[in-house]
Amino acid sequence: MAEPLTPHTPGSRQPVSLWEHVLRHFMDAVIVLGADSSVVFFNQASEELTRTPRAKVLGRLCEEVFPESPYLVEMFRRARDLRQSETRGEQKLRIGDREVTVRTTCVPLFDHEGEIDGALIVVQDLSYQQALEERANRNQTLARLGTLVAGLAHEVRNPLAGIKGAAQLLAHRLPDDESLREYTDVISHETDRLSALVEDLLQLGAPAKPTLEPINVHKVLQHVLDVLRAENDPDRLDIQCHFDPSLPDILADSGQLEQVFLNLAKNAIDAMRENCTPPIILKIFTKMETDYHILRATEGAQNYLRVEINDTGPGIDPDILDHVFEPFYTTKSNGTGLGLAIAQRIVSDHGGALRAFRAKPHGTKMWVSLPIYREPQETTQ
Ligand SMILES: Nc1ncnc2c1ncn2[C@@H]1O[C@H](COP(=O)(O)OP(=O)(O)O)[C@@H](O)[C@H]1O
Ligand SMILES: [Mg+2]
């Protein structure tokens, strides 16, 4: 290698060369192996990708660090023996029980005499990019379907209002016969349900443009808490909030965001109600976004905040995790399967991302990442 690498000792004050500084903060995972395949450099993105601190891998052989991904050491040997770089597209990198789709490049490194001195491995995480592409495709299908559904919903809206009105009139004029009143109540109740469904369909298919203004996310969450506390017995539902009061404003439509958080919280409560003994605990966190997948998704230095809604229900099965955001996907007998689809649409209209994770040992974590409001810059002539 042209220049020896500074060993990574946390907190060490050794001078760091410019290129090493760049590699440390490079967006993709960069791993440098010595001639014997031992890890001599492991940047921050490598730690995030493998969820392993560098102190645990430095000095260990590649095959020990990645026993489930033998292709890495195979690429290293090929680069060393053939003295050539190699790139492999869509590869599965396995780390413990996780599997990440990656693109891997391995470049041999030479010393001053031209002898092989090790290899540089760059691992690019493709999973987030794939998820974005899938989401874009899904949004396109949804947009087409949405126009059709919205047209239909619009046609159904007025007759429904007519039925509801007629049922109410009928109820007033009926003699005091309880059994007949029951029928008009059923008509009213069922038209209400249908109207709610129609409104959801319209919101999904032809959503209102958000009215954006700089707001504090905690103000929106406070409204959500008021609604949840009004609807739930405090002995049965304990809502624990961990808010970071220093969070800056976001540019958002407070009504739409309130709906997002309410949908997520209600799903969490549904999941726990079926499986946990009361009081059930709903945890809501707010913090600055640190996930580099989100931070790298936009051009420029855009910062995000994150609202986390966590429950201790049974969690979402990994097989259906991708489907829960699809319209009409529901596992509930009285569900519409539109809540998460609408929530995702609203969040992406705000330039953010909504993601679902399994919590350990069980439960679900819903993360809403939203861009921070940036004051318009005054232009100086
Ligand atoms: N917090 C959660 N825990 C477990 N499953 C969940 C959670 N949130 C959503 N789901 C699953 O996703 C499905 C879709 O949710 P949603 O779109 O809100 O529709 P609905 O609530 O009408 O079923 C639910 O039926 C449920 O199976
Ligand atoms: Mg729901």
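**Entry 1: the ligand.** I began with the shell around ligand 1 and noted that H8 and helix H10 (339-349) each supply at least two of its residues. For the shell I took a residue as near the ligand if its C-beta atom, placed from the backbone, lies within 6 Å of it. What I looked at is a predicted model, in which local features need pLDDT of at least 70, side-chain atom pairs count only at pLDDT 80 or more, and totals for chains, interfaces and linings use all residues. Residues are numbered from 1 along each chain as its sequence is written, while chains are lettered from A and ligands numbered from 1 in the order in which they are written. Helices (H or I, at least four residues) and strands (E, at least two) are DSSP runs, numbered from the N terminus.

I found 20 residues surrounding ligand 1, the closest being Asn267, Ala271, Thr330, Gly335 and Gly339. Which helix gives the largest share of this shell? I found that H8 does, with 4 residues. Sorted by class, the shell holds 8 nonpolar, 10 polar and 2 charged residues; here Ala, Val, Leu, Ile, Met, Phe, Trp, Tyr, Cys and Pro count as nonpolar, Asp, Glu, Lys and Arg as charged, and the others, Gly among them, as polar.

**Entry 2: helix H8.** I checked the length of H8 (residues 254-275): at 1.5 Å a residue its 22 residues should span 32 Å, and its end C-alpha atoms are 32 Å apart, which agrees. The expected span is 1.5 Å times one less than the number of residues. I then listed the buried residues of H8, among them Leu257, Val260, Phe261, Leu264, Asn267, Ala268 and Ala271. A residue is buried if 20 or more other C-beta atoms lie within 10 Å of its own, exposed if 12 or fewer, and partly exposed in between, with C-beta atoms placed from the backbone. An α-helix has 3.6 residues a turn, so residues three or four places apart point the same way.

From H8 I went on to Ser348, which is in helix H10. Ser348 is partly exposed because 14 other C-beta atoms lie within 10 Å. The C-alpha atoms of Ser348 and Ala265 are separated by 19 Å, and the two residues are 83 residues apart along the chain.

**Entry 3: strand E1 and its partners.** I noted that strand E1 (residues 29-34) is mostly covered, with 5 of its 6 residues buried. E1 runs antiparallel to strand E5 (residues 116-125), joined to it by 6 bridges, and Val30 stands opposite Val122 in E5. On counting pairs, I used the rule that two strands pair if DSSP finds at least two bridges between them. E1 is also antiparallel to strand E2 (residues 39-42), with 3 bridges, and Leu33 has Val39 of E2 as its bridge partner.

What do E1 and E2 form, and how many residues lie between them? They form a hairpin with 4 residues between them. In that loop I looked up Ser37, whose phi is near 75 degrees, a positive value in a residue other than glycine. Ser37 counts as partly exposed because it has 19 C-beta neighbours inside 10 Å.

**Entry 4: Val65.** Val39 came up again when I turned to Val65, which lies in helix H3 (residues 62-65). Is Val65 buried or exposed? With 23 C-beta neighbours inside 10 Å, Val65 counts as buried. Leaving aside neighbours within four places in sequence, Val65 is in contact with Val39, Val57 and Arg60, where contact means that the C-beta atoms, placed from the backbone, lie within 7 Å. Val65 and Val39 are 26 residues apart in sequence and 8.7 Å apart in space, C-alpha to C-alpha.

**Entry 5: two backbone details.** Arg83 has a positive phi of about 55 degrees although it is not a glycine, and its place is in the loop between helix H4 (71-82) and strand E3 (86-95). I recorded Arg83 as exposed because 11 other C-beta atoms lie within 10 Å. The peptide bond from Lys360 to Pro361 is cis, with omega near 0 degrees, and Pro361 lies in the loop between strand E11 (353-358) and strand E12 (364-371).

**Entry 6: the whole chain.** I closed with the chain, which has 10 helices and 12 strands. Its C-alpha trace spans about 105 × 55 × 45 Å along its principal axes. The radius of gyration is 27 Å, whereas a compact globule of 381 residues would have one near 21 Å; the radius is taken over C-alpha atoms, and the globule rule is 2.2 Å times the number of residues to the power 0.38. Buried residues make up 27% of the 381 residues. Of the contacts with a separation of 6 or more, 62% are between residues 24 or more positions apart.

Conventions:
Two residues are in contact if their C-beta atoms, placed from the backbone, lie within 7 Å.
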